[in-house]
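Let's take a walk through this protein together, starting with the whole chain and then zooming in on a few spots. Keep the viewer open as you read.

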Amino acid sequence: MKEILRQLHIQRMDDHRYYHHSRINQSLHLLSASSFVLAYALLFTDPAMAALLAWGVAMTSRQAGHFFFEPKGYDHVNQATHEHKEDIKVGYNLRRKVVLMALWALSPLALFVDPTLFGNFTPAESTMELLRQVGMMWLAIGAGGLVFRVVHLFFLRDVPTGLVWALKIITDPFHDIKLYWRSPFYLMRGQLIDPMTHTQVGHD
């Protein structure tokens, strides 16, 4: 258990110091994390609506922060190029995220091609029914994306790395709230980039 927690801490800190320099990105992660927590609660009573919230608000705000606001030049804090960080990324790097987000965005078209989705649904008779079917599709895509990358990591690295990453992803919303709740206040003060002094070697 101690080793699992140690590896979890390493993955979390690497993710933070490499990919969350922008205060706008951090603030969007706070919005995303809060939405994910609500989606987790909804998951037990209304899985379709939980998935609509998770993808429609939490994932879009989260990935917008990475794609549009996170610096992609040379990382002087960590002395690493953007390309190097993308190559060593444990989870989904930007290239993989493009594929995942494209799959998510295009998936509702499948219901227009086949309203039963290969016999899995009854053709929707209302907008709400259609939305719920889309939600269930998005829930499957989310679960599939998680499982796919975990198994992928089993082969790329090892089983513990994949399992720890899965644990990190599932618990990230709670950790992000703890980590980024101050970010909007820094942003309102005009600080666009986190100096990351707390991640540098020798910092107490």
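What follows goes from the overall fold to two helices and then to three single residues.

One thing to keep in mind from the start: this is a predicted model. Trace the protein chain from its N terminus and you meet one helix after another, α-α-α-α-α-α-α-α-α. The tally is nine helices and zero strands.

How does the overall size of the chain stack up? A compact globule of 204 residues would have a radius of gyration near 17 Å, and the protein chain comes in at 18 Å, so the two agree. If you prefer box dimensions, the C-alpha trace spans about 60 × 40 × 30 Å along its principal axes. Of the 204 residues, 41% count as buried. On the outside, the chain exposes about 11,700 Å², with carbon and sulfur atoms supplying 69% of that area.

Contacts and charges round out the big picture. Take the contacts between residues at least 6 apart in sequence: 72% of them join residues at least 24 apart. As for charge, there are 19 positive and 17 negative side chains, and the centres of the two sets sit 6 Å apart.

Now for the helices themselves. Helix 1 covers residues 2-19, which makes 18 residues. From its first C-alpha to its last it reaches 25 Å, close to the 26 Å expected at 1.5 Å a residue. Which of its residues are buried? They are L8, Q11, R12, D15, H16, Y18 and Y19. The cover over these buried residues includes helix 2 (23-43), helix 3 (47-69), helix 4 (82-88) and helix 8 (159-180).

Helix 2 gets a similar check. Its 21 residues should span 30 Å at 1.5 Å a residue, and because its end C-alpha atoms are 30 Å apart, the expectation and the model agree. Its buried residues are R23, N25, Q26, S27, L28, H29, L30, S32, A33, S35, F36 and A39. Helix 1 is part of what covers them, along with helix 3, helix 8 and helix 9 (183-188) among the contributors.

Next, find A48, which is in helix 3. Is A48 buried or exposed? Its relative accessibility is 5%, so A48 counts as buried. Now look at what it touches: setting aside neighbours within four places in sequence, A48 is in contact with R132, G135 and M136. The pairing with R132 is worth a look on screen, since A48 and R132 are 84 residues apart in sequence and yet 5.2 Å apart in space, C-alpha to C-alpha.

Two backbone details finish the walk. Most residues other than glycine have a negative phi. L117, though, has a phi near 50°, a positive value in a residue other than glycine. You'll find L117 in the loop between helix 6 (109-113) and helix 7 (127-156). At 16% relative accessibility, L117 falls under the 20% cut-off, so L117 counts as buried.

M196 is the other one to look up, in the segment after helix 9. Phi of M196 is near 60°, again a positive value in a residue other than glycine. What about its accessibility? M196 has a relative accessibility of 0%, so M196 counts as buried.

Note on methods:
Residues numbered from 1 in each chain as written. Predicted model: local features only at pLDDT ≥ 70, side-chain atom pairs only at ≥ 80, totals over all residues. Heavy atoms only, no water. Helix = DSSP H or I, 4+ residues; strand = E, 2+ residues; numbered from the N terminus. Rg over C-alpha atoms; globule rule 2.2 N^0.38 Å. Buried < 20%, exposed > 50% of the residue type's maximum accessible area, 1.4 Å probe, protein only. Contact = heavy atoms within 4.5 Å. Areas by Shrake-Rupley, 256 points an atom, 1.4 Å probe, with all protein chains shown as cover. Lys, Arg positive; Asp, Glu negative; His and termini not counted. Charge placed at Lys NZ, Arg CZ, Asp CG, Glu CD. Expected span 1.5 Å × (residues − 1).
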